[in-house]
Amino acid sequence: MSANSAERGARLDVVLVKAGRTKIRYEAELLGDDGNRIAVRAPWAGEGVRDFGFVRFEKGDVFTEHYWRDRWYSVKEVRDSAGVLKGWYCDITRPAVLSGTELVVEDLDLDLWRSADGGDVRRLDEDEFEASGLTGTDPEAAAAAMAALDELEGLARGGGFGTLVR
């Protein structure tokens, strides 16, 4: 574990920041921190049901989330209350920062979904990313975000995220 990490089983606050404001904050259990990848588990933290049309996130769902200090994304395995895999939701983010008991991640609008069977892989929110203006204000970050999305899509279509999260 890194010098700035917590012990397995510790409670962390995951703080998702978007456009300089906290989008959501929720408590998660630390599963591991190898100094680069931080893994946590948390119940669905949203209010009510979030129906995307291709998947529903709802009370009882459990997210096993993987964040990296050197990668521009997070990968979240989503299971229902019975433990059945729904799929993986990936956020394109700046690299994660663990400070004390806060895991802070800056959301860059782009997302990717991969269904449990791998038959549905879709890029999400490209319009929001474009509207954010990041390509003009921080072209290096925008390029890193697009490269991260391409990398994740390649992994999703090539068999999944096992090489990343095991």
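**Strand pairing and aromatic contacts in a predicted model**

Modeller: In this predicted model, strands β6 and β7 pair in the antiparallel sense over six bridges.

Biologist: What makes β6 and β7 count as paired strands?

Modeller: Pairing requires at least two bridges between the strands; β6 and β7 have six, so the criterion is met. One of the contacts places Thr-64 opposite Glu-77 of β7. The two strands form a hairpin, with four residues between them.

Biologist: How do you know that β7 also pairs with β8?

Modeller: Seven bridges join β7 to strand β8 (residues 85-93), and the threshold is at least two, so these strands pair as well. They run antiparallel, and Val-75 has Cys-90 in β8 as its bridge partner. β7 and β8 form a hairpin with five residues between them, and Gly-83 in the turn has a positive phi of about 90°.

Biologist: Is strand β7 mostly covered or mostly uncovered, and which count shows this?

Modeller: Six of the seven residues of β7 (residues 73-79) are buried, and the strand is thus described as mostly covered.

Biologist: Why is the pair of Phe-52 and Phe-57 called edge-to-face?

Modeller: The structure holds eleven aromatic pairs. In the pair of Phe-52 and Phe-57, the ring centres are 5.3 Å apart and the planes make an angle of 70°. The centre distance lies within 6.5 Å and the angle is over 60 degrees, so the pair is edge-to-face.

Biologist: Why is Phe-57 called buried, and what is Phe-52 called?

Modeller: Phe-57 has a relative accessibility of 4%, which is under 20%, and therefore counts as buried. Phe-52, at 23%, falls between 20% and 50%, so Phe-52 is partly exposed.

Biologist: What makes the pair of Phe-54 and Trp-113 tilted?

Modeller: Their centres lie 5.9 Å apart, with 45° between the planes. That angle is neither under 30 degrees nor over 60, so the pair is tilted. The pair links distant parts of the chain: Phe-54 is in the loop between β4 and β5, Trp-113 is in strand β10 (residues 102-115), and they are 59 residues apart. Trp-113 is buried because its relative accessibility of 1% is under 20%. Ring pairs link both residues into a cluster that also includes Phe-52 and Phe-57.

Biologist: Where is the confidence lowest, and where is it highest?

Modeller: The mean pLDDT of the protein chain is 93, and 96% of its residues reach 70 or more. Confidence is lowest in helix α4 (residues 162-165), at a mean of 83, and highest in strand β6 (residues 62-68), at 98.

Methods:
Residues numbered from 1 in each chain as written. Predicted model: local features only at pLDDT ≥ 70, side-chain atom pairs only at ≥ 80, totals over all residues. Heavy atoms only, no water. Phe/Tyr/Trp six-rings, centres within 6.5 Å; stacked < 30°, edge-to-face > 60°. Buried < 20%, exposed > 50% of the residue type's maximum accessible area, 1.4 Å probe, protein only. pLDDT = per-residue confidence, 0-100.
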